Amino acid sequence: MSGFSFNDITGLGVIGQESMNNLLRGMFSGDIIRVNSGEALQERAESHNTYLLGSGTHEGFSLTKPLSTLWGAPGATVTRIVNIKSHGSLNGISFVQKEDPSNVNHLIKISNNARVVFNDCVFQRKHDAPREAPAPTTTKCFVLVESGSSATFSGCTFRSDYITGVMNGVGTVVQNANAAAAP
């Protein structure tokens, strides 16, 4: 039998809660900035910004500061274009195409030699979203990776808003413009 048990944090009292907060604070290199639904994401530090997107709908944003990390609470959904121009990591966020014209051609654009990792994210376009036959110059896709940049996807889902999740034709999921630049 282990000596470890679970308890409601309110049962610890004020001193216990402060001790727990002090212990947890040391596990993080910086502050975690909570971004609630309807609030704008603001890059506060020159690098290593860490965000928690709260449940609900979020507008698009740009990431320009290096080594930013975004976490999504359950139900965190971004419904406008996301521009990523620096190295970073995005985790557990849903990127959904709605009626906004900003993300009709693609949900995310990665540029400026950025290296980005997506973990457990959902990318959802309309089943009848504009598409082009796969070609080195297409920009109609879920994620557009411009020349010099790269993206890695782990445990991610790419689907449509249709009940089965399928698109209404052949198209490109992730457009890697680095292939077009290769000799």
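This report walks through a parallel sheet, two residues with positive phi and the cysteines of a predicted model.

Let us start with the sheet. Five strands form an open sheet in the order S4-S7-S10-S13-S16, and their pairing is parallel. At its edges stand S4 (61-63) and S16 (174-176); each has a single partner strand, so one side of each has no neighbour in the sheet. From one strand to the next, the twist averages 10°. Within this sheet, S10 (residues 108-110) and S13 (residues 143-145) are joined by three bridges in the parallel sense, and Lys109 sits opposite Leu144 in S13.

Now to the loops that follow two of these strands. Most residues other than glycine have a negative phi. Leu67 has a positive phi although it is not a glycine, and Asn112 is likewise a residue other than glycine with a positive value. The table sets out where they lie and how accessible they are.

| Residue | Phi | Loop | Relative accessibility |
|---|---|---|---|
| Leu67 | about 60° | between S4 and S5 (68-72) | 43%, partly exposed |
| Asn112 | near 65° | between S10 and S11 (115-119) | 57%, exposed |

Finally, the cysteines. How many disulfides does the structure hold? There are zero. Cys156 is in no disulfide, and the nearest cysteine sulfur, that of Cys121, is 4.8 Å away; a disulfide would need the two sulfur atoms within 2.5 Å. Is Cys156 buried or exposed? Cys156 is buried, because its relative accessible area of 19% falls under the 20% cut-off. Cys141 is buried as well, with a relative accessible area of 0%.

Conventions
Residues are numbered from 1 along each chain as its sequence is written. This is a predicted model: local features need pLDDT of at least 70, side-chain atom pairs count only at pLDDT 80 or more; totals for chains, interfaces and linings use all residues. Side-chain values use heavy atoms; hydrogens and water are left out. Buried means under 20% relative accessible area, exposed over 50%, partly exposed in between (1.4 Å probe, protein chains only). Two strands pair if DSSP finds at least two bridges between them. Helices (H or I, at least four residues) and strands (E, at least two) are DSSP runs, numbered from the N terminus. Axes are lines fitted to C-alpha atoms, for helices over the stretch in contact, and angles run from 0 to 180 degrees between N-to-C directions.
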